2 protein chains.
Amino acid sequence: MNFLEERIAKDGIVKEGNVLKVDSFLNHQMDTELFNAMGEEWKKRFEGKNITKILTIEASGIGIACVATQKFQVPVVFANKSKSINIEGEVYTAEVESFTHKNKNQVIVSKKFLGEEDHVLLIDDFLANGCALQGLIQICNAAGATVEGIGIAIEKGFQKGGTTIRNLGYQLESLAIVESMNAETGEVFFREN
Amino acid sequence: MNFLEERIAKDGIVKEGNVLKVDSFLNHQMDTELFNAMGEEWKKRFEGKNITKILTIEASGIGIACVATQKFQVPVVFANKSKSINIEGEVYTAEVESFTHKNKNQVIVSKKFLGEEDHVLLIDDFLANGCALQGLIQICNAAGATVEGIGIAIEKGFQKGGTTIRNLGYQLESLAIVESMNAETGEVFFREN
């Protein structure tokens with residue numbers, strides 16, 4: 001097991017319905033030392049790629065992306081889930097369905113901060129059915145930007161998101177891929193690298 | 001001018017209605033080198049305080065808090081603005097009104113991650129009327145936690161939030177306090193320290 005898998009095995013909580021709760025270190029309380037290690041690992045895995053921008057989505061992706069980006073030394077942009085007066089002018093939009101929240105969100109990125117000159121690394125905390133990620137890819141395509149790779153903390157390997165994204169030819173680097181979970185014993189089984 | 005005031009003067013955009021847009025470096029696209037410098041400055045200003053946790057609020061506060069916390073080496077918790085299945089069990093709640101979004105949000109923190117043993121530094125990007133901050137203070141009080149201080153990137157000195165918070169006796173460290181803005185000339189005037 002790598003450092004993230006070990007942390008999930010130690011502090012993750014398995015609930016009925018294939019829910020994995022990692023709110024003590026990843027998406028409510030956040031361990032930025034861990035995020036730092038994740039950034040180092042992605043830096044290694046995307047070695048040689050010319051990355052000019054990191055794109056993530058609010059809210060849980062922001063902390064991970066901001067800490068991880070310090071290894072890449074490029075700006076981070078986060079896609080907003082709701083239109084606010086903070087974003088005005090020309091925007092890229094995509095509609096994404098949230099597995100967690102069971103609703104649809106308009107995802108918005110200002111055209112000022114993403115363009116055809118950009119080589120983008122997408123970062124998010126979870127990949128399940130992949131809808132959020134598809135929204136971010138759609139926005140990069142609309143901007144004419146190049147998606148150089150995708151860094152995910154935890155992929156649910158038993159849902160279709162990861163397979164779809166890999167079939168599309170993207171370099172997807174999930175630091176932990178959960179193959180199955182047992183809510184009775186609390187065990188989490190990871191895919192071998 | 002300090003480093004943040006200089007950046008605001010350079011890249012901030014003043015709009016009619018006392019709107020200051022800093023979306024190129026603070027709250028849409030994010031400059032994490034700048035966040036790092038902000039963390040260093042807060043570390044100095046809160047020297048000697050025993051801080052065990054940083055509390056912020058989604059979405060724009062998360063990136064700043066996650067980078068800044070690396071100077072404090074404590075966990076960050078972010079208050080959620082909507083109830084999701086990621087937060088279950090006992091929670092602290094407060095209702096806050098957003099100046100930016102013109103709506104009210106329920107702000108939620110899991111009781112697991114905030115307790116009477118905690119000495120909390122609150123971090124957020126903006127302080128205007130102070131409603132978001134009051135919600136976070138309310139949650140700390142409900143938890144029996146001690147608010148050791150409040151770190152804000154940009155305070156709108158012409159709105160009442162900062163005065164209220166200082167009158168309540170909190171150590172409020174805003175790295176840039178805007179006294180006034182001129183939408184015609186684009187000028188931003190800062191309070192002298």
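**Where chain B meets chain A**

Okay, let's start with the charges: between chain B and chain A there are two salt bridges. Keep in mind that we're looking at a predicted model. One of these bridges joins the side chains of B:Lys112 and A:Asp23, at 3.4 Å from N to O. On top of that, 11 residue pairs are in polar contact between the two chains, with both residues at pLDDT 80 or more.

So which elements of chain B give two or more residues to the side that touches chain A? There are two helices on that list, H2 (32-45) and H3 (60-68), and then strands S3 (29-30), S5 (76-79) and S7 (103-110). The top contributor is H3(B), which puts in five residues.

If you sort that side of chain B by class, you get 18 polar residues, 15 nonpolar ones and eight charged ones.

Now, how big is the whole thing? People often quote interface size as the accessible area lost when the parts come together. Here, the area buried between chain B and chain A comes to about 3600 Å², and carbon and sulfur atoms give 56% of that. In residues, 41 from chain B are in contact with 41 from chain A.

Last thing, the strands. S5(B), which we already met on the list of contributors, pairs with strand S3 of chain A, residues 29-30. In which sense do they pair, parallel or antiparallel? Antiparallel, over two bridges. If you want a spot to zoom in on, look at A:Gln29, which stands opposite B:Val77 in S5(B).

That's what I have, thanks.

Notes:
Residues numbered from 1 in each chain as written. Chains lettered and ligands numbered in written order. Predicted model: local features only at pLDDT ≥ 70, side-chain atom pairs only at ≥ 80, totals over all residues. Heavy atoms only, no water. Contact = heavy atoms within 4.5 Å. Buried area = accessible area lost by both parts, 1.4 Å probe. Salt bridge = Lys/Arg side-chain N within 4 Å of Asp/Glu carboxyl O. Polar contact = N/O pair within 3.5 Å; in protein donor to acceptor, adjacent residues only side chain to side chain. Helix = DSSP H or I, 4+ residues; strand = E, 2+ residues; numbered from the N terminus. Nonpolar A, V, L, I, M, F, W, Y, C, P; charged D, E, K, R; others polar. Pairing = 2+ DSSP bridges.
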